[in-house]
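Me: Could you take a close look at the salt bridges in this model for me? I'd like one connected account that I can follow with the structure open beside it.

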Amino acid sequence: MTAERQLIVRGGRVIDPASGTDALLDVRVVDGRIAEVGAALSNATAEVIDATGLVVSPGFVDLHVHLREPGQEHKETIASGARAAARGGFTTICAMPNTLPAMDTAATIDAVVQRARNADCRVLPIGAVTVGRRGQELTELASLRDAGAVAVSDDGDAVADNAIARRAYEYLADLDLPLAEHCEDPGLSQSGVMHEGAVSARLGLRGQPAQAELAIVQRDIALADAAGAQFHGCHISTEAALAAIGDARARGLRVTAEVTPHHLFLSHDAVAGDSAELLYDTNAKVNPPLRTDADIEACIAALAAGVVQAVATDHAPHAAVDKCCEFDRAAFGISGLESAWPVVNTLVSRGRLSLADAIERMTIGPVRAWNLDTGDLRGLGSLGVGAPADITLLATDASFTVDPEQWESAGKNTPLAGHLLTGAVAATISQGRIVWDGRESA
Ligand SMILES: [Zn+2]
């Protein structure tokens, strides 16, 4: 008989939104699964993790991550992205298919799954909607699902052609896969490099209007409804689009959505930067762009109300050279895995969101949005008995200044560098294995 591998997380405040638990409890892990949650658990041979003073949460689940492998390993690899996820408290991340080549066949998806096998977190692949993400011809959606795709997306671009988007939803209804749409009508966004408004006018930069997002959100609500399929709005950033999504959900339609930490926290003012020498900060260039204060308020309200089910990072790591250039030429994207929890917890500390709701939107919320808790992943996003032993320990009162040079991600591109935030990830346990332990510094 082989010895069981036991771990006890002792003395923490267990918050498990899936079961409504919020109490000082211990968690026992046996062979990579949750075995018991209770008071004063003990076992002579178990490894004990002292969680006194910490919040014990299910491991975070991120529906939207760019890992850059294959094709752009100088920006990030699967291994470095997974280490960044672990440091950020994430134990499951969904990998977007805008790699080179795009993840548009069973073989390219399987290659990512194989390479992620020993990574520091679970990596679930997202397949492309169209071949090469070129928007012209649908991929073999059924074979992508059979290869493990948990959703499909051409993220980086919308599925712009109406007829192709309509046909995609018709197939996806049968396959029961969500279409994770990058909601940007290219005819309206016109290659704008930031939000169209007062700041773009002042800086003389080409803006993209809020209506570019709304147009695709409204189209996809209609197409998904007609087909009986699920539309998932990626990184929704505008008040009007959130209102449309709220209306659709109120009508009972299969519509889900995510918001990013940066859209909850920063406005287009961040593009102007806060340095005296620089006119703009390319680290604040992201798509969809940082919006207005009213849009930030709408994102927070929609998240708190459950109109939005998930906080997703849209982690988009880039090399320094991709950002150290003119604003027009800089790459879009923010490296987000390692600042996500501190940003969300800072909103909690300001009284904008309850701690339980914040954790819900980073655990069971996204899991339910995409029905991820099936088969081997039964219980994912919870601390229920039998669930994968994915556990994140949070220091909710720790304040620190963001320094991307300390991050595991190869992407140091963030407009949050130098910001004072409240909340740190103290430790991360992935499938029963301690993959990040920062308790000394937390
Ligand atoms: Zn996108």
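Reply:
**Salt bridges, one pair at a time**

Glu-36 and Arg-28 make a good starting point: they form a salt bridge in which the closest N and O atoms are 2.9 Å apart. Please keep in mind that this is a predicted model. The two partners differ in how they sit towards the surface. Arg-28 is buried, as its relative accessible area is 13% and the cut-off for buried is under 20%. Glu-36 counts as partly exposed because its relative accessibility is 31%.

Now move along to Arg-352, which pairs with Glu-297; here the closest N and O atoms are 2.7 Å apart. Arg-352 belongs to the loop between helix H12 (340-349) and helix H13 (355-360), while Glu-297 belongs to helix H10 (residues 293-305), so this pair ties together parts that are 55 residues apart in sequence. As for accessibility, Arg-352 is partly exposed, with a value of 33%. Its partner Glu-297 is partly exposed too, with 39%.

A third pair to select in your viewer is Arg-361 with Glu-360, whose side chains meet in a salt bridge at 2.6 Å from N to O. Both Arg-361 and Glu-360 are buried.

Beyond these pairs there is also a network: salt bridges link Glu-181, Arg-219 and Asp-220. The count for the model comes to 18 salt bridges. As general background, side chains of opposite charge can pair when their charged atoms come close.

While you have the charged residues on display, the zinc ion deserves a look as well. Its protein donors are Asp-155 through OD, His-182 through ND1 and His-235 through NE2, and they lie 1.9 to 2.3 Å from the ion. Along the sequence these donor residues follow the spacing D-x26-H-x52-H. Asp-155 is found in the loop between helix H3 (141-146) and helix H4 (162-175), and His-182 in the loop between strand S9 (179-181) and helix H5 (186-189), so these two tie together parts that are 27 residues apart in sequence. Asp-155 and His-182 are both buried.

Charged residues turn up once more in the largest pocket, where the lining divides into 15 nonpolar, five polar and four charged residues. That pocket holds about 470 Å³ of space. Among its 24 lining residues, Leu-124, Gly-148, Ala-149, Val-150 and Leu-377 lie nearest the centre. Strand S8 (residues 122-125) supplies the largest share of the lining, with four residues.

Terms used. Residues numbered from 1 in each chain as written. Predicted model: local features only at pLDDT ≥ 70, side-chain atom pairs only at ≥ 80, totals over all residues. Heavy atoms only, no water. 1 Å grid on protein atoms, 1.4 Å probe; cavity = no way out; pocket = protein on both sides within 12 Å on 5 of 7 lines; lining within 4 Å. Points joined across faces, edges and corners; volume = space filled by probe spheres on them. Nonpolar A, V, L, I, M, F, W, Y, C, P; charged D, E, K, R; others polar. Donors = N, O, S within 2.8 Å, 3.2 Å for Na, K, Ca; no water. Buried < 20%, exposed > 50% of the residue type's maximum accessible area, 1.4 Å probe, protein only. Salt bridge = Lys/Arg side-chain N within 4 Å of Asp/Glu carboxyl O.
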